[in-house]
Amino acid sequence: MKIFLDTADISEIRKVAKWGVLDGVTTNPTLFAKTSGSSYEEVLKEICTITSGPVSAEVVAEDVEGMLREGRAFAKLAPNIVVKVPMSEEGLEAIATFADEGIKTNCTLIFTANQGLLAAKAGASLLSPFVGRLDDINQDGMIVIRELVDIVTIHDLETEVLAASIRNPLHMTQAALAGAHVATLPFKVLQQMAHHPLTDSGIKQFRTDWEKARVALDTQKGSDKAKAAAAPTKPGA
Ligand code: G3P
């Protein structure tokens, strides 16, 4: 299973790349809005120097021509750019055109298996169902992941299910068990995945015991030395 980082924050991406678990990055206008100082294009280019995996760049136009114009410009930034297109009638048309042009797409804002099926048929290389936002409205977001993975597998569709809007480590485990090909996670969730209270307290305990053992050994060595120095020397020795 591939792990993407859902962020436009360069320092987070650099950090996770060093952990050896980074397969790609997804960005969107909301995530870009949290950064400052550089244009979206500059941020995307920098991300593409950190990872050679797919980097999703989202269009904001809602009409086909606008999506095509923005997407084609993104695709020129780096070979690993994937154009993120929202699920809509216009989005489907743009995805089909991008597919004809050899430009990879990630269809975003998917909330039903049927939307995912259409996006796959249109030629999207990634399908992004949003788990957390469905949970927010009291629907089980993981159902869509399971259904889409089944549909893609049964019909041998050339696309991948990317579990998005992942909000906690349990979402991640469930998406992995459902067979999602990819999950994109905020940095915070990746950090949560790396930790467990018993792991953290265990590390502390080992360190404390190690220090205790070292002090005990030093004390023992010290008293052995003192005893040896105080012992009477044997005659003829
Ligand atoms: O990948 C999509 C993601 O950024 C949306 O997450 O938490 O805003 O629903 P969220």
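Biologist: How much space lies in the largest pocket, and what makes such a space a pocket?

Modeller: About 440 Å³ of space lies in the largest pocket, the volume being that filled by probe spheres set on grid points joined across faces, edges and corners. A pocket is an open set of points on a 1 Å grid over the protein atoms alone, where a 1.4 Å probe fits, with protein on both sides within 12 Å along at least five of seven lines. The model is predicted: local features need pLDDT of at least 70 and side-chain atom pairs pLDDT 80 or more, while totals for chains, interfaces and linings use all residues. Residues are numbered from 1 along each chain as its sequence is written, and side-chain values use heavy atoms, without hydrogens and water.

Biologist: Which residues are the closest to the centre of the largest pocket?

Modeller: They are D6, N28, L31, K34 and P186, out of 22 lining residues, where lining means an atom within 4 Å of a point. Two or more lining residues come from each of α2 (29–33) and α10 (187–194), helices being DSSP runs (H or I) of at least four residues, numbered from the N terminus. The largest share, three residues, belongs to α10. By class, the lining has eight charged residues (Asp, Glu, Lys, Arg), seven nonpolar (Ala, Val, Leu, Ile, Met, Phe, Trp, Tyr, Cys, Pro) and seven polar (the others, Gly among them).

Biologist: Why is α8 called roughly parallel to α9?

Modeller: The axes of α8 (residues 141–154) and α9 (residues 169–178), lines fitted to C-alpha atoms over the stretch in contact, come within 9 Å and cross at roughly 20° between N-to-C directions. Angles under 35 degrees count as roughly parallel, so α8 is roughly parallel to α9. In α8, M142, I145, R146 and V149 meet H171, Q174, A175 and A178 of α9. These contact residues divide into five nonpolar, two polar and one charged.

Biologist: What makes α4 oblique to α5?

Modeller: For α4 (residues 64–77) and α5 (residues 89–100), the axes come within 9 Å and cross at roughly 45°. That angle is not under 35, over 145 or from 65 to 115 degrees, so α4 is oblique to α5. In the contact, α4 supplies V64, M67, L68, G71 and R72, and α5 supplies E90, G91, E93, A94, T97 and F98.

Biologist: Which residues does E70 contact, leaving aside neighbours within four places in sequence?

Modeller: E70, found in α4, is in contact with V59, V60 and A61, contact meaning heavy atoms within 4.5 Å. The C-alpha atoms of E70 and V60 are 8.0 Å apart.

Definitions and conventions: Axes fitted to C-alpha atoms, helices over the stretch in contact; angles between N-to-C directions.
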